[in-house]
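Me: I should like to go through this structure by question and answer. Please reason briefly each time and close on the value or name requested.

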Amino acid sequence: MADPARAAKLADRIKVVVAQALERRVKDPRLGFVTITDARVTNDLQHATLYYTVFGDETQQADTRKALESAKGVLRSEVGKNITVRLTPTLEFVPDEIPVNASHLEELLRAAKARDAEVAALAEGAVFAGESDPYRKDDEDDEDDEDEEGFTDEPDEAAK
């Protein structure tokens, strides 16, 4: 078992090496505008999972997925040359779902904002069903200092 901090450093280094290799070394025409967003390495440093995003439609994303799978050996050899571990980790490419989740959240926020605007428009001309402040006021109770049982709010002078 390696140190988790070492695994995190190795993951960052693998992310940089793979991104540079995709830019300079891999010349696959199917490879679209791809960005390596994150890398994670298991604690035993044997497997690396790389998360990526692709700018484009579904066909470009599918082509990029195939290109990354076919270039996996070249990328692994580049990683092996540029890191200092005994065994080169295997690479696994996973599409990053963060942009999809972020767009879904933005859509939900837009819908909530539109509903809030509708409620605010309805509330503009609304009037209260009863009094505007239905709670009892303290100034009405000042006349009557005794509670229902006959106790007063002031302390007893004999107790002082």
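Me: How many helices and strands does the secondary structure of the chain come to, and which pattern does the chain follow along the sequence?
Reply: In this predicted model, the secondary structure amounts to five helices and three strands. Read along the sequence, these elements give the pattern α-β-β-α-α-β-α-α.

Me: Which helix supplies the largest share of the largest nonpolar core?
Reply: This core has 27 residues, and those touching the most other members are Ile-14, Val-18, Leu-22, Leu-50, Leu-75, Leu-91 and Phe-93. At least two core residues come from each of helix 1 (4-24), strand 1 (33-41), strand 2 (47-55), helix 2 (58-70), helix 3 and strand 3 (90-95). The largest share, eight residues, is supplied by helix 1.

Me: Which residues is Leu-75 in contact with, leaving aside neighbours within four places in sequence?
Reply: Leu-75 is among the core residues that touch the most other members. With those neighbours set aside, the contacts of Leu-75 are Val-18, Ala-21, Leu-22, Val-26, Leu-91 and Phe-93.

Me: Does Glu-78 count as buried or exposed, and at what relative accessibility?
Reply: Glu-78 lies in helix 3 (residues 72-82). Not counting residues up to four places away in sequence, Glu-78 touches Val-17, Ala-21 and Arg-25. Buried means under 20% relative accessible area, so Glu-78 counts as buried, at 14%.

Me: What percentage of the residues of the chain count as buried?
Reply: The chain exposes about 12,300 Å², of which carbon and sulfur atoms supply 52%. Of its 160 residues, the share that counts as buried is 22%.

Definitions and conventions. Residues numbered from 1 in each chain as written. Predicted model: local features only at pLDDT ≥ 70, side-chain atom pairs only at ≥ 80, totals over all residues. Heavy atoms only, no water. Helix = DSSP H or I, 4+ residues; strand = E, 2+ residues; numbered from the N terminus. Buried < 20%, exposed > 50% of the residue type's maximum accessible area, 1.4 Å probe, protein only. Contact = heavy atoms within 4.5 Å. Areas by Shrake-Rupley, 256 points an atom, 1.4 Å probe, with all protein chains shown as cover. Core = buried A, V, L, I, M, F, W, Y, C linked by side-chain atoms within 4.5 Å.
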